Amino acid sequence: MKTVSIVLCSYNGERFLKTQLDSIVCQTYPIHELIIQDDGSTDHTLDIAREYATQYPFIRIERNTQNLGFNRNFESALKKATGDFIAIADQDDIWYPEKIAKQVAAIDTHDLCISGYHTDPTYQEGQMKKVVIPRHNLEYLLFYDSTPGHSMLLTRDFIQQVFTEWDGHILYDWWLSINAQLGKGIACVNEPLNWHRPHQGSAINRLNAQYAAYLVKKPTWQPYVYGFRKFREQQQLTTWQFFYGYIHRHTSKDKHALAHQLSGLLQKRNPISLCRLCLLCMRFKHLIYFYPQQKGLISYVRSFCYPMIRAYGNTYFYL
């Protein structure tokens, strides 16, 4: 039987940690190890972790000597795992009992397996409202980090080499999903296997809050006008050029041809390249656009403007 390590990175998570740990230790698949790596919590997170470690010998606690931030914390913790497969856990989610078992059964020869999840901060037992099945084709991933870490099971061989060129700024789970699609691919369990509990204190929400004042609650024309401005601004960022340059180098006209063409155009700052980029987004909207089922003229307008729409409010390149 393949062994599974679970990596949980904690930071001031006392509010949710107990219920998450309860759901992990109740998995139907045997757990080889659970690594809880704390990033300098100032609440009772470590006390809770130590309490569980006394009850479950497979729990190992690591504590960073300085705050690394969630990106570097996950990189560091993932490299310490020793199982054949490695699952990523957020401190504030709840896993369903067969999460690991179903992902192990599905991963096959892929580098990574993702699964669906429930997301609703007002959840009550038996009243789940929203199911998310992550889109994970490479062309869609060029514009959006749609495969969150909490949905991932990865091979240890993949983890050992995937961070070689990573600069520490691109979101770690976005980097994992991109590289999996450049490698042996992504498997997907098309059903929810955990409840993702969004809240104001989560890492990604803290990042998004830095730019909240810029956004309009119900945008209409803003993503087109402000989005163009943000697109040009982001193109000048080192993180943007690094990310799309990396993808362009690891694709070709023969392998991942569309992603190769898109990533090349995303680096260029002249009007002709932008027009070509937008035309490709419209032509291949079934692969790229976030609402591929949309019909009519509006779907073509929005898919043509998709690079600007995605740039509006995008925080991924500002880490």
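Helices here are DSSP runs of H or I with at least four residues, numbered from the N terminus. Keep in mind that this is a predicted model.

**Exercise 1. Find which helices build the wall of the largest cavity, and work out what kind of residues line it.**

Step 1: start with the space itself. The structure holds one cavity of 30 Å³ or more, and the largest cavity has a volume of about 60 Å³.

Step 2: list the wall. Phe143, Phe231, Gln234, Trp240, Tyr244, Leu266, Pro307, Arg310, Ala311, Asn314 and Phe317 line this cavity.

Step 3: assign residues to helices. At least two lining residues come from each of α9 (222-235), α10 and α15 (306-311). The largest share belongs to α15, with three residues.

Step 4: sort by type. The lining splits into eight nonpolar residues, two polar ones and one charged.

**Exercise 2. Now do the lining of the second largest pocket: how many residues are nonpolar, polar and charged?**

Step 1: the volume of this pocket is about 230 Å³.

Step 2: pick out the lining, which is made up of Lys2, Asp84, Phe85, Asp108, Thr109, His110, Asp111, Thr155, Arg156, Asp157 and Lys184.

Step 3: count up. You get seven charged residues, three polar and one nonpolar.

**Exercise 3. Track down Asn12 and His256, and say what is unusual about phi in each.**

Step 1: recall the background. Most residues other than glycine have a negative phi.

Step 2: check Asn12. Its phi is positive, about 45°, even though Asn12 is not a glycine. You'll find Asn12 in the loop between β1 (4-10) and α1 (17-25). Its relative accessible area is 31%, so Asn12 is partly exposed.

Step 3: check His256. Here phi is near 60°, again positive in a residue other than glycine. His256 sits in the loop between α10 (238-249) and α11 (257-267). With 25% relative accessibility, His256 is partly exposed too.

**Exercise 4. Decide whether α7 is mostly covered or open.**

Step 1: the cut-off for buried is under 20% relative accessible area.

Step 2: go along the helix, residues 172-182. Eleven of its eleven residues are buried, so α7 is mostly covered. Among them are Trp174, Trp175, Asp173 and Gln181.

**Exercise 5. Describe how α12 and α14 pack: what are the angle and the handedness of their crossing?**

Step 1: the axes of α12 (residues 271-283) and α14 (residues 297-304) come within 7 Å and cross at roughly 140°.

Step 2: angles over 145 degrees count as roughly antiparallel. The two helices are therefore oblique to each other.

Step 3: the crossing of α12 and α14 is right-handed.

Definitions and conventions: Residues numbered from 1 in each chain as written. Predicted model: local features only at pLDDT ≥ 70, side-chain atom pairs only at ≥ 80, totals over all residues. Heavy atoms only, no water. Buried < 20%, exposed > 50% of the residue type's maximum accessible area, 1.4 Å probe, protein only. 1 Å grid on protein atoms, 1.4 Å probe; cavity = no way out; pocket = protein on both sides within 12 Å on 5 of 7 lines; lining within 4 Å. Points joined across faces, edges and corners; volume = space filled by probe spheres on them. Nonpolar A, V, L, I, M, F, W, Y, C, P; charged D, E, K, R; others polar. Axes fitted to C-alpha atoms, helices over the stretch in contact; angles between N-to-C directions. Parallel < 35°, antiparallel > 145°, perpendicular 65-115°, else oblique. Left-handed = near helix turned anticlockwise from the far one by under 90°.
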